[in-house]
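Colleague: Could you take me through one part of this model with some care? I would like to hear about the contact surfaces, both the one between the chains and the one between the domains.

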There are 2 protein chains.
Amino acid sequence: MLNFDYQNKTRIVFGKDTHKQIGSLIKPFTSKVLLHYGSGSIKKNGIYDDVIRSLKEQSIEFIELGGVKPNPRLSLIHEGIDLCRKEKIGFILAVGGGSVIDSAKAIAMGVPYDGDVWDFFAAGKHPDTVLPVATVLTIPATGSESSIRSVISDEKTQRKLGYGDEKIRPVVSVINPEIYFSLPDFQIACGVCDMMSHIMERYFTNTTHTDLIDGLSESTMKTIMKNGLILKRDHTNYDAWAEVAFSGTLAHNGFLNLGREQDWACHAMEHEMSAIYDVAHAAGLTVVTPAWMKYVYQTNLPMFVQFAVNVMGVEGSFRDQEWIALEGIRRLEDFYSRMEMPLSMKEIDIDSENFELMAKKATGFAFGKENKIGGLKKLTWEDVLAIYQLADR
Amino acid sequence: MLNFDYQNKTRIVFGKDTHKQIGSLIKPFTSKVLLHYGSGSIKKNGIYDDVIRSLKEQSIEFIELGGVKPNPRLSLIHEGIDLCRKEKIGFILAVGGGSVIDSAKAIAMGVPYDGDVWDFFAAGKHPDTVLPVATVLTIPATGSESSIRSVISDEKTQRKLGYGDEKIRPVVSVINPEIYFSLPDFQIACGVCDMMSHIMERYFTNTTHTDLIDGLSESTMKTIMKNGLILKRDHTNYDAWAEVAFSGTLAHNGFLNLGREQDWACHAMEHEMSAIYDVAHAAGLTVVTPAWMKYVYQTNLPMFVQFAVNVMGVEGSFRDQEWIALEGIRRLEDFYSRMEMPLSMKEIDIDSENFELMAKKATGFAFGKENKIGGLKKLTWEDVLAIYQLADR
């Protein structure tokens, strides 16, 4: 186990009706907020009205900025920063899924900063101070409600980049499983598969002696799969939503990587796909992850055997460790299929035209760097190209 | 799953040499501390010197108060409160195990309070404000390094009482597994079994639909048992200590009870034993817990079957659910035996003389209340008496 330093300041308020408390939860921090949201689905399902009512009850003034899209855009973030400065707003309330929350975090970083907020994502800068962010989570998926991460896209340069900082962990996040009953099938599947990836990116490493974190990760993955499949046929199952939603928070709050290295090659590879093509992040992940696994599993065969046995329920007493490992990967593909997620580049309409470009961007090679990506196996752009090609079936 | 509200402010700094950073870790909070510790073992193993050096490097002034004993005494806590007031100290640094940390928390509550600190434990009072506490953990066991709890004893009245409050969660705790290499056999076993109890008190309830927390709890218990047995024969195994120590923190930081009811009858029953007799808390627990299990398992047979199968490795396909549940309890007893912990009242020199008195105190009956204890099965004093008698073998 490696040394670590961990603190998670996010207060999680979880359960039925909890979003109606948002006003009183943020009142200790502020009396004026930027209310940030997406395409307006919260106005259809009543969440918007509940939040507004709760803010008004606490006499919290709010200025609205909607319109966040998946892969949140830098241009709207600039708009939010300007709005906060003009209106002298010191607190961002995100009501939405991961894109809205990531956008809110970027605005929170940008407001007190003299330069362009893109500097934090692209130029290695770190903010001295950020505005506090609270969230009402409307789509369990990215874990952004309790994570240090924000991923945004510059639509002009087709670059999608992430940044991580303790300072942008939300101060409070509300998770009410009832809110998720109206989510469409594909969004449920995407959320579930995104969570799985957040754990797998931390789980498949070469770090040893992490019995505790291995076990916690395995339990969480099993919970996500079991309840994800329940949700696939029953969108209004409160208990299944509760399991999935809280698992999603744990999957990405930085706890399941304590004491270990991490990988994150699949996320890097996927970001280049969804930066160029109009593909959902999770769909890119379900395409690229099994291909990555097949390419790297021999680097740490015991870890893939452990995954197969402890997570995928493969009988572990076979002598052929390689068969067990590959059967684990096959069962992950089966799970993705049952969730109706894509497994190949063809299914998401990506042809091989840009594979080399994406591979060079993913590894930084395109920007004059000789970086390799991934913790389990260090991948060059040629490796990444080979993985894209493996997924091109 | 029940609604919940969770936040854990404790920063955990974990790993080799980390205790040498204690000065810089607490410098942002203070420049003068009460340095609180136990019988002086930290002076023999070099921890004291490392901590002093780190404080001096950061120009942090310190006033010492050693002498904390197991089941920390109210009289020393009063002394600490007086000392802090006299010396105008606003921060408590606990270097020790659970008793030292619990004592530090009580001092932290008492200093800003006009009345007697015992009010918080015995009279239902709550502190408006408390001093911040940091810890260097020298014995992994109680989880107090990241918990909201403090348990202290009033030696005059032979009462041992606990209090819980978010305000007394330490602000930073240092966990260095190397520090634990010199712990004696019995203390290792006590720590390991105490952690197990902290999870079992949360695990055995009637709450349903907690797949995630059930699984996390089961993983943590398996990690503790596996690595506890390694430590039993190899006191200087860094990796096993790392697993056990971090499991101990997770076991009692309030995470593994999220969304569920809790039980805590065994702790209540044990507290009355160690309040009267000179018995280690964990030894009391390993005596009373299997007896409690045998008395209550039929209340929620499926939960005891789940424990037997998922934690104790009992083959789950037998038709006889009762046999599986009882086999799980037997295996827990086997584990305690392998850790050389007691299983009967006789082994810890407690005779039946005070059973009725202890049962009436544990349930509050002795103090004019008709309280029942326990979340899984509500126990009257007669039930508790029967459990003590079951353990009297």
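Modeller: Happy to; here is a walk across the chain interface, followed by the domain interface inside chain A.

Please keep in mind that this is a predicted model. Let me start with how the two chains are arranged. Chain A can be superposed on chain B by a rotation of 180° with 0.0 Å of shift along the axis, and the RMSD is 0.0 Å. The two copies are thus related as by a two-fold rotation axis. The interface fits in with this: 100% of the interface residues of chain A are also interface residues in chain B, so the copies meet through the same surface.

Now for the extent of that surface. On chain A, 38 residues are in contact with 38 residues of chain B. Together the chains bury about 3200 Å², and carbon and sulfur atoms give 54% of that area. Within chain A, the residues that lose the most area to chain B are M1(A), L212(A) and F246(A), which together account for 20% of what that side buries.

The polar side of the chain interface is worth a look too. The rule finds four salt bridges across the interface of chain A and chain B. One of them joins R11(A) to D5(B), with the closest N and O atoms 2.6 Å apart. There is also a salt bridge between R11(B) and D5(A), again with 2.6 Å between the closest N and O atoms. This pair crosses between chains, running from strand 1 (residues 4-14) of chain B, where R11(B) sits, to strand 1 of chain A, which holds D5(A). Salt bridges over all chains come to 36 by this rule. As for polar contacts, 25 residue pairs are counted between chain A and chain B, both residues being at pLDDT 80 or more.

Which elements build the chain A side? Strand 1, helix 8 (211-233) and helix 9 (238-251) of chain A each supply at least two residues to the side that touches chain B. Strand 1 of chain A gives the most, with eleven residues. Sorted by class, this side of chain A has 16 nonpolar, 14 polar and eight charged residues.

Let us turn to the interface inside the chain. Chain A is divided into domain 1 (11-178) and domain 2 (185-390). The C-alpha centres of these two domains of chain A lie 27 Å apart. Here 23 residues of domain 1 of chain A are in contact with 23 residues of domain 2 of chain A. The two domains of chain A bury about 1900 Å² between them, with 61% of it on carbon and sulfur atoms. On the domain 1 side of chain A, P140(A), Q158(A) and K160(A) lose the most area to domain 2, together 29% of what that side buries.

K160(A) comes up again in the polar picture. The count between domain 1 and domain 2 of chain A is one salt bridge. The side chains of K160(A) and E270(A) meet in a salt bridge at 3.8 Å, N to O. Five residue pairs are in polar contact across this domain interface of chain A, both residues at pLDDT 80 or more. Strand 1 (4-14), strand 6 (149-154) and strand 7 (159-164) of chain A are the elements that give two or more residues to the side of domain 1 touching domain 2. By class, that side of domain 1 of chain A has eight nonpolar, eight polar and seven charged residues.

Notes. Residues are numbered from 1 along each chain as its sequence is written. Chains are lettered from A and ligands numbered from 1 in the order in which they are written. This is a predicted model: local features need pLDDT of at least 70, side-chain atom pairs count only at pLDDT 80 or more; totals for chains, interfaces and linings use all residues. Side-chain values use heavy atoms; hydrogens and water are left out. Domain bounds come from an automatic or database domain assignment. Contact means heavy atoms within 4.5 Å. Buried area is the accessible area (1.4 Å probe) that two parts lose on being put together, summed over both. A polar contact is a pair of N or O atoms within 3.5 Å; within protein, one must be able to donate a hydrogen and the other to accept it, and residues adjacent in sequence count only if both atoms are side-chain atoms. Helices (H or I, at least four residues) and strands (E, at least two) are DSSP runs, numbered from the N terminus. Ala, Val, Leu, Ile, Met, Phe, Trp, Tyr, Cys and Pro count as nonpolar, Asp, Glu, Lys and Arg as charged, and the others, Gly among them, as polar. Copies are superposed by least squares on the C-alpha atoms of residues with pLDDT of at least 70 in both.
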